[in-house]
Amino acid sequence: MSLLYQLKFLLLISTMSIVGECLGYDQPPHTEARTHRNRHRVPKPSYRSMDLSTGTGIDPPLPSPVGRSSSDFKVGFYEGKCFDKGVDVEGIISSEVEARFDIDPSLLPGLLRLQFHDCFVHGCDASILIDGNTTEKSASPNRSVRGYEFIEAIKLAVETKCPGVVSCADIIAIATKVLIKLGGGPDYPIQTGRRDGLVSRADDADDLPSPFLSVDEVIEAFAAKNFSTAEMVVLLGCHTVGIAHCRFISDRLYPGTTQFDPLMDPDLRAKLISTCPQDTLSNNFTFLDQGPRSSNRVDNSFFTQIVKQKGVLPIDQELARDPQTQAIVQQLSLNATLFNIELANAMLKLQALDILTGEQGEVRKVCGRVN
């Protein structure tokens, strides 16, 4: 069965469940109340993607890393690779993720953020996991990233059944994909065969997009990684889950501050002022998606909220106002199925960004250090 056919088939049968963040700058504490899977469902989406500029159907684009052999990066890469040919690598990872998600649903925004921060620096090579005082892990944007210990725990479980075979980079990708589904988002066929990187420098993480960038600057940052404006908007739509602390939003709330937003929904402003009092060092937080029933679900509610001027982060709200992104936001706010399909496509592309395969890099024995 071809990868394209598998993608079409799986997107056709994709359903929604609950909870979740993608590119967020903070994530909720793990004390968030436990949720129950499969409570919420949406109509099954068509396999065809939509051209967000014209509204016409197009076949979903599959990642095709330049110079990669199809045998080096494919769905089912680990089948028959372990000493015990019957070991189901992806099944082991999925079981570990499902068990932890039942206890701590905030793992979803944490892992989505970790995945993005890893892929946007050296590509999806697990370089963010390497310990050290001068590695990416020590960089300012990554000090609040969560999920490092969890990936290491999954690695240990995999190594017990299939030693020396499965990369940390693939564990991140598979775990993130499973969490998106558990959080109510789309299911999609995950390509595997990534190798782990050997280079990790703190300075390289300085180029990660900031929540204070303008729309022009964010478009430029994503374009540098070969993402279109529409793909950027979809990926930022992962702010349908996760949180933001007051330090990221206080300046939007009060007249005379640097980013005061007079167009913000008045009810939201009153709520946020209560959460984030002026001139105080508060560690309070609020959900990025202000939908009362969707702040922990991977759905298109984020776009509905920013159309209503209920965006929390500056860049989120600007997506609904800027002429370059406004129409895309409108389409996604009106079509949950469209968001599901486009998110699957965008995640496939993100998780294939500048990967190492074949004899490149290595397969680490422990995710926190090179061999």
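## Ground rules and K177

Helices here are DSSP runs of H or I with at least four residues, strands are runs of E with at least two, and both are numbered from the N terminus. With that settled, K177 is found in helix α5. At 15% relative accessibility K177 counts as buried, where buried means under 20% relative accessible area, exposed means over 50%, and partly exposed is in between (1.4 Å probe, protein chains only). Leaving out residues up to four places away in sequence, K177 touches D187, Y188, I190 and Q351; a contact is heavy atoms within 4.5 Å. The C-alpha atoms of K177 and L108 are separated by 9.7 Å, with the two positions 69 residues apart along the chain.

Keep in mind that this is a predicted model, in which local features need pLDDT of at least 70 and side-chain atom pairs count only at pLDDT 80 or more, while totals for chains, interfaces and linings use all residues. Residues are numbered from 1 along each chain as its sequence is written, and side-chain values use heavy atoms, with hydrogens and water left out.

## The chain as a whole

The chain has 371 residues, and buried ones make up 56% of them. Its secondary structure comes to 12 helices and 6 strands. Accessible surface adds up to about 15600 Å², with 52% of it belonging to carbon and sulfur atoms; areas come from the Shrake-Rupley method with a 1.4 Å probe, and for residues only the protein chains shown count as cover.

How confident is the predictor? Mean pLDDT (confidence in each residue, from 0 to 100) is 85 for the chain, and 81% of the residues reach 70 or more. Two stretches need some care. Over residues 27-48 pLDDT stays under 50, and the model has 63 contacts beyond four places in sequence for them. Residues 54-59 also stay under 50, this time with 15 such contacts.

## The nonpolar core

A nonpolar core is a set of buried Ala, Val, Leu, Ile, Met, Phe, Trp, Tyr and Cys residues joined through side-chain atoms within 4.5 Å. The largest one here has 97 residues, and I93, V97 and L129 have the most contacts inside it. Helix α5 (residues 168-182) supplies the largest share of this core, 11 residues.

V97 gives a good view of the packing: beyond four places in sequence, V97 touches F150, I154, A175, V178, L179 and L182. As a general backdrop, nonpolar side chains tend to be buried together in soluble globular proteins.

## Two helices, two settings

Start with α7 (residues 229-236): 7 of its 8 residues are buried, so the helix is largely enclosed by the rest of the structure. The buried ones are A230, E231, M232, V233, V234, L235 and L236. Their cover includes α6 (215-223), α9 (301-307), α10 (314-319), α11 (326-334) and α12 (336-350).

In α8, the buried residues are L268, R269, L272 and T275. Looking down the axis of α8, they fall within an arc of 125°, so they line one face of the helix; the arc is that of the directions from the helix axis to the C-beta atoms. That buried set packs against β6, while the face turned away carries the exposed residues P266, D267 and S274.

## Disulfides

The structure holds 4 disulfides, each a pair of cysteine sulfur atoms within 2.5 Å. C82 and C162 form one of them, with sulfurs 2.0 Å apart, and its -95° about the S-S bond makes the link left-handed. C82 lies in the loop between β3 (74-75) and α2 (89-103) and C162 in the loop between α4 (148-161) and α5, so the pair ties together parts 80 residues apart in sequence. C82 is buried at 0% relative accessible area, and C162 counts as buried at 1%.

Another disulfide joins C168 to C367, S to S 2.1 Å. This link is left-handed too, with -100° about the S-S bond. C168 lies in helix α5 and C367 in the segment after α12, so the pair ties together parts that are 199 residues apart in sequence. Both ends are covered: C168 is buried at 0%, and C367 counts as buried at 1%. Then there is C246 to C276, S to S 2.0 Å, left-handed with -80° about the S-S bond. C246 sits in the loop between β5 (243-245) and α8 (266-275), and C276 in the loop between α8 and β6 (285-287), 30 residues apart. C246 and C276 are both buried.

Methods: pLDDT = per-residue confidence, 0-100.
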